[in-house]
Amino acid sequence: MTTINWLEETYKLKDELIATTQEFLRIKSVLDPATAREGAPFGEGIRAALDFALDVCKRAGMTTKDVRGYAAHAEFGQGEELIGILSHVDVVPEGDGWSTPPFAAEIVDGKLVARGAIDDKGPTMAAIFAAKVVLGLGLPLSKRVRFIFGTDEESNWQCVKTYFETEEMPTMGFTPDADFPLIYAEKGLTDLTLRQTYAAFQQLGKPAAEQAEARLVSLQAGLRMNMVPDKAVATLAPLSADSQTIIDRYRTHLEQTGLKGQAEAKDGLVVLHMEGVSVHGMDPKKGVNAGTELIYFLRTLVLDARAAVYTEVADRYLHRQHGGEALGIAHDDEEMGALTLNTGVLEYEAEGDALFRLNIRYPHSISFEKWSEILVERFGEAAFELEVVEHLPPHRVDPSHPLVTTLQRVYTEQTGEEAGIIAIGGATYGRSLDVGVAFGPLFPGRPDSAHQRDEYILVDDLVKATAIYAQAIYELAK
Ligand SMILES: [Zn+2]
């Protein structure tokens, strides 16, 4: 058989690919509960984008199925096994400050600029056109190929959840919704709340602190579990120490540590503000946690009994413990990296709840049961209870699996670059497939404009990705 020049074949469809992608991007497919209805659970915009994608597939000769507007698929080929290509038609809200209108899909300096250009409508159309290339060549396939279009990837993934309740799980597949060369492993992700109620604290039977300098009235830091908090505020009621003494000690502490913050006396109370550095919770050591830093100062005061317990556990187990070292859950994995612990939210109400909200990410070589049990035990001693808010187990496809090796080979053949495989601490859509990896569309070294203003995909990259996907589809399904 003569070898196929995939890029050349793709170029034959280039104009149609660009025009169709532009038309697709002009549909504002942002979550819109106001227009939600039966068959359009996330609103009319997303519904219209889903119909558009299905229509392009139908015209290419694929059969389609709509799963109540939560997701839909388009299929071609024949055989027992099923190759899945999972992408999403919804986009995040456009936000402000664009150089060209976010849904105009104009081409500026070789860039196709629009919300959804790289995440994920551009690559969705690239994959569909890749199938058109394969179909146009009339190549024989021994497997079925199915595009699965999700509709709320940017919010709650109800789409894939609902879809796979009734539909077939592909034998293997990829999602064009992240980076080239290939992401084959993703850490387990958990959002956890450790909560101590006032009643539970009372049952600890701690004697009242003698000679307390101040009573902690409240503390608040952070809004999201997966971010390092950059602001914290604590309110103290002075007891044996006066307001000015506490304020002076805090200012000295700030000077000595180089941290930023303020202190003020207000209505007989002292209010302390701490500033940190917010970064993504998947790599908390790069940030400065305003919440635990403020607690580190509070530990220098003699506080009331409950505050003493709260600040003690925070200081011991959470302050600068980005890998859970003091808890005894630190675990490094040569392949997938270390367990990471981020204390994203800290809250304390003197007679209400005291809590920590954590985001812990872990590699596949340590079990959730193992480390969470330790957490339950350690914090249980201080009357905190663990609530698992969210748990996504680690996702990994064996590097020697044909899915991985085939896509690596295709990537290398087309780019001339080595296809190193990547393990990440985040989550891609690939984990929705039992055997799934993320494969493109962002090429190495390109800035990632997803979710930002002036989101774009280079037209050349759109074409290149299409050619890569075309060969990938053929090699996986032949
Ligand atoms: Zn995406």
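Contact here means heavy atoms within 4.5 Å. The model is predicted: local features need pLDDT of at least 70, side-chain atom pairs count only at pLDDT 80 or more, and totals for chains, interfaces and linings use all residues. Residues are numbered from 1 along each chain as its sequence is written, and side-chain values use heavy atoms, with hydrogens and water left out.

**Exercise 1.** Find what Phe439 touches, and place Phe439 in a core.

Solution. Step 1: leaving aside residues up to four places away in sequence, Phe439 touches Phe174, Thr175, Pro176, Asp179, Phe180, Pro181, Leu182, Leu407, Tyr411, Ile468, Tyr469 and Ala472.
Step 2: a nonpolar core is a set of buried Ala, Val, Leu, Ile, Met, Phe, Trp, Tyr and Cys residues joined through side-chain atoms within 4.5 Å. Buried means under 20% relative accessible area, exposed over 50%, and partly exposed in between (1.4 Å probe, protein chains only).
Step 3: the largest nonpolar core has 75 residues, and Phe147, Phe149 and Phe439 have the most contacts inside it. Helix H12 (residues 459-477) gives the most to this core, with 13 residues. Helices (H or I, at least four residues) and strands (E, at least two) are DSSP runs, numbered from the N terminus.
Step 4: another core, of 54 residues, lies apart from it and includes Ala214 and Leu341.

**Exercise 2.** Describe the surroundings of Arg146.

Solution. Step 1: Arg146 belongs to strand E6 (residues 144-150).
Step 2: Arg146 counts as buried because its relative accessibility is 6%.
Step 3: its side chain makes a polar contact with the side chain of Tyr163 at 3.1 Å. Such a contact is a pair of N or O atoms within 3.5 Å; within protein, one must be able to donate a hydrogen and the other to accept it, and residues adjacent in sequence count only if both atoms are side-chain atoms.
Step 4: beyond four places in sequence, the residues touched by Arg146 include His73, Glu75, Glu167 and Glu168.

**Exercise 3.** Work out the strand order of the open sheet of 8 strands, and which strands stand at its edges.

Solution. Step 1: the order is E13-E14-E12-E11-E15-E16-E10-E17, with antiparallel pairing. Two strands pair if DSSP finds at least two bridges between them.
Step 2: strand E13 (260-266) and strand E17 (385-392) are the edges; each has a single partner strand, so one side of each is left without a neighbour in the sheet.
Step 3: from one strand to the next, the twist averages 20°.

Notes. Axes are lines fitted to C-alpha atoms, for helices over the stretch in contact, and angles run from 0 to 180 degrees between N-to-C directions.
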